[in-house]
Amino acid sequence: MSQKLITVLVTLITFGGLANAASPDFNGIIYGKVTDEETGEALAFANLSIVGTTIGASTDLDGQYELSMAPGTYTIRATYLGYGDAEKEITIVDNERMEINFALSAGAQLDEVVVSVQARGQMAAVLGQVSSNKIVNIISSEKMQELPDANAAESIGRLPGISLQRSSGEANAVIIRGVAPAQNNVTIGGVKMASTNESDRSADLGLIQGEMLSSVEVSKTLRADMDASAIGGTVDLQLATAVEEPTFNAMSEVAYNDLLSTIGDTKTSVGGSMRFLKKKFGIKAQGTYQQKQLSSHRFGAGYSGPVLRQELGPDGSLSGEEYYIARTESANLNLVNTTRERLGLSTVLDFKSEIYDVKFLSLINKSTDDVINRGERYDFTSARNPFALRASSGVFETLNTTYLVENKLRFLGTEFNLSASYTYAKTEGINHLFPFLEISTTAPNIDQELLIFAQPADILNQYGGTNISDNNLRTDDINYSDLTDKNYDLDFDWNIPFKLKNTKINGVFSLGGKYHLLERVSDQEQTYIDYRAGKGQGAIRPYLELFPWADWPAGNQQGIPAPNFVDPNYNPGKFIDGTYTLTWSPDINLMKDMQTQLLEAVPALFNARGNESYRNDYTNREEQYAAYLMAELNIGNLLLVPGIRMEKANTQYDAFAILTNPVNANGVTGIPDSVSTKRSNQLYFPSINAKYKISESVALRGAVYKSVARPNFIDLSPRTIIDPNSNIFSSRNPFLEPATALNYDIALEVYNNKFGLLTINPFYKRIDNFINNLPNYFPLRNDRIRGAPDGFVESFPATDFYPISDLENSSETVIPINNPEKAEYVGIELSFNKNFRRLENKFLQGIVLDVNLTFIESRARYPYFEDIVVGVDSSGFFPKDIPGYEYNTREGKMVSQPSFISNFILGWDYKGFSARVSYRFQGRTLNGLDAKFSFADAYIDEFQLLDFSLKQRIYKGLHVYLNATNLTKHVDESFRIYPGNIRLPVSNQFYGSRIQVGAMYRL
């Protein structure tokens, strides 16, 4: 009998035994409100607990709570930071609701102390964490609004174990415990957030502003009722419902960007909530608009692959030491001017009654980027074409929406939840491209020995620059892109409370299921006019008729001379603080206008780029079915949450087989054939979460669970691209299996009102079948592979998957594989949260401290093929060696894993003044992997970000504030380390500091 089947049977027997032993009585409901005894004000985030058990809850913003309990007599305790505890003895009657209210009195030394916003935000997160039945970290809305973060991703990055993936100077995705964003789960109110990435499954958190959220919960462990597709963890974005009393908030700010020395960034947010019909019906809405300059200076460099060299021996023979070198081949300088507009709108409607609750949630986020990019490229290996300039202007829109309807029905002491959701994401863009190339007869040949491990800046200083008169406009390009992602979900959960007769054991038995449908379509189209000899000859006459002022000599075979388009007003200023120098730019507005006129007047001049128009076109349909069984068992001071989940996925993927042909105007042969593949898999995910209360202040948590990462969209594509003039072709692997992980967590929590919260959380992950790229794969030579693990070669696509008639025996590709070697993560998260409200010194009572440190290491082995000889071909006149391939591996880290992460936040409130300093450090991170040569790996350098915020209350709920971000003027840098500890840059991105000034009002 298989291990999976045994696990299922044991779980079912266990749950069956619990159901049979359960009391026929149904649960009762305890509900009520916690208030300040003197003022009568509601106490948000007060803690309620059943003495002698792990059962508890915390109050909402309105001071209200609700608990479900099996019949019996208990003691319920209410606690709140800075207030005396209160206890009441209660008797629960089956299937009845009982109102239990608490009025707490403040400690003597705290009579005049008011809970500050910063302390309130910290307390909300702490109480949510300690009351959870899994290992989580929480960031509250108060904390998000107090931090000067650009978006939700930046705020989540303040939590332990979270590192950031950055783009355009902002975080746009989170890496949990070193696990890449595509292998984590991002949800909105429990609904998976749609991906706007055409290649992978990651969610763009840069779309979402913190003002839209009530809290963010990062689950480091999984329960059976949660999606298993989260090897690193799950990020759940929560939208709040309306509280009991009406609320209103508004803010507006302007910002200064020192990179452009401009004032003009703006942000506005307005929202509020109300309850009607005896407060049974509520509505909460929030809207936000932002316009922001995200301009940047970007440097990049290109290097050759490893080149084997051998020193000569003493006798002049090739018997000396072998070693590898790499040459610096190119450098790129990009000045990117981006204006980003963000628009967000959230709405939550809810209705609450004794037996039925319903909630409707919608979240709409839209981002529009207007981008002008001027990129200069220097080629150090070609004296004929030493310089190229690529100017572009594009508009890119991203829309991401989530709609959710939740129904909750209480009957016979049980609770049944049914929810339906729809998410829709769309990205579309148009980009106008103008590529120039220098054709030089005077540029010197650069000594190739000089390029060995050379610093790009040194080569640029000696050989940089360009002659504008030698530059020519090669083509006019227009690129269109359109990606839609639709998700339909139907979930149900049935929670059945129980109590074992004649014992103190009680809890909740849960079962449920889910149906998920994903429909995804990617469509791209690229058109161009070629101005070079041959293809471009037909454009000369209509071009000159439209633009008679243009100087285009009849004998010019390389395009249209660049001096026609030079922008005399172009002033790039200092590039990366004067480290590099930019040269010239075309007048991009002029060129866009000319391109538009050409398209309208002579559309026949524009030809499709067949390869580019088909290569990223695909449709993908995925159906997933899930079912789970779970129990929450309270056994005195021990809480156990065992469960098992089943997920079955069916996928159909359609793409194209492309045969390139440079002779044809569209660059391909005929119309590419459509290729379709199907795959199916079914997996089981056992899990158990546990919590043991050692004392009222100390708890020990643990978890063991299985999780999964499904292949990225691009990796599953059946697309092939074959160039008849090359033995290198492009192929992916539609038969990949999901990667699975076995996860172990243990956490020690020390928490009380005086001390604060200290958490120590070691973890370990073992990942099987993780996906990485295998280079130098020859699909028609599988029989020549030696030394591979059992089943490795058989896991590749069968030979008949490839268009055999278009391939040679020597055709090779890079293919994504399920790595037969395991990967491991080991780490520890340390965090400490404390406020100082209990100090007698009122000046210091407003101090709030949050510190966390994370240490992570990962180990993996990456397969590659070593060239060997497997036989001799004697069929010809001269015998020839038959090349073969020996399976080998090299050790390395996992991509995206930093070794160290730290966050330090120090806040202080005094009367109406508030200040906060935040510091973030992220260690060196591997972001580019070479399967064979470790010295070809690329790293993102460590970075430090220092921010501060100041806020002053002017009148009641009216505040003014100042935020300053990136005071360290950090440069995002990627690099390689070659033998001899030679560090060469791969890319640098510089964004500058930012200062925001604004006002906010909260009622």
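This section describes a surface patch, a buried strand residue, a short helix and an open sheet in a predicted model.

A nonpolar patch on the surface is formed by Phe248, Val270, Ile954, Tyr955, Leu958, Val960, Tyr1001 and Leu1003. Together, these residues present about 740 Å² of accessible area. Two strands, β49 (943-955) and β50 (958-965), each contribute at least two residues to the nonpolar patch. Another member of the patch, Val270, is located in strand β17, which spans residues 262-276. The relative accessible area of Val270 is 42%, so this valine is classed as partly exposed; the class lies between the limits of 20% for buried and 50% for exposed residues.

Strand β50, which supplies at least two residues of the patch, also holds Thr965. Thr965 has a relative accessible area of 14% and is therefore buried, the cut-off being under 20%. When residues up to four places away in sequence are left aside, Thr965 is in contact with Pro148, Leu946, Asp947, Ser993 and Arg994. One of these contacts, Leu946, falls within the residue range of β49 (943-955).

Helix α5 comprises residues 456-463, and Pro456, Ile459 and Leu460 are buried within this helix. Viewed down the axis of α5, the buried residues fall within an arc of 100°, and they therefore line one face of the helix. Asn461 and Gln462, by contrast, are exposed on the other side of α5. The cover over the buried residues of α5 includes four strands: β19 (296-303), β22 (328-352), β23 (356-379) and β52 (982-990). Just after the helix, Gly465 adopts a positive phi of about 95°.

An open sheet is built from five strands, arranged in the order β9-β14-β15-β12-β13, with mixed pairing. Its edges are occupied by β9 (136-140) and β13 (191-192), each of which pairs on one side only. In general, the strands of a sheet pair through backbone hydrogen bonds, in either a parallel or an antiparallel manner. Strand β12, consisting of residues 185-188, runs antiparallel to β13 and is joined to this edge strand by two bridges. Within this pairing, Ile188 has Val191 of β13 as its bridge partner.

Technical notes:
Residues numbered from 1 in each chain as written. Predicted model: local features only at pLDDT ≥ 70, side-chain atom pairs only at ≥ 80, totals over all residues. Heavy atoms only, no water. Patch = residues over 30% accessible without salt bridge, like charges linked within 9 Å, V, L, I, M, F, W, Y side chains within 5 Å. Areas by Shrake-Rupley, 256 points an atom, 1.4 Å probe, with all protein chains shown as cover. Salt bridge = Lys/Arg side-chain N within 4 Å of Asp/Glu carboxyl O. Buried < 20%, exposed > 50% of the residue type's maximum accessible area, 1.4 Å probe, protein only. Contact = heavy atoms within 4.5 Å. Arc of directions from axis to C-beta. Pairing = 2+ DSSP bridges.
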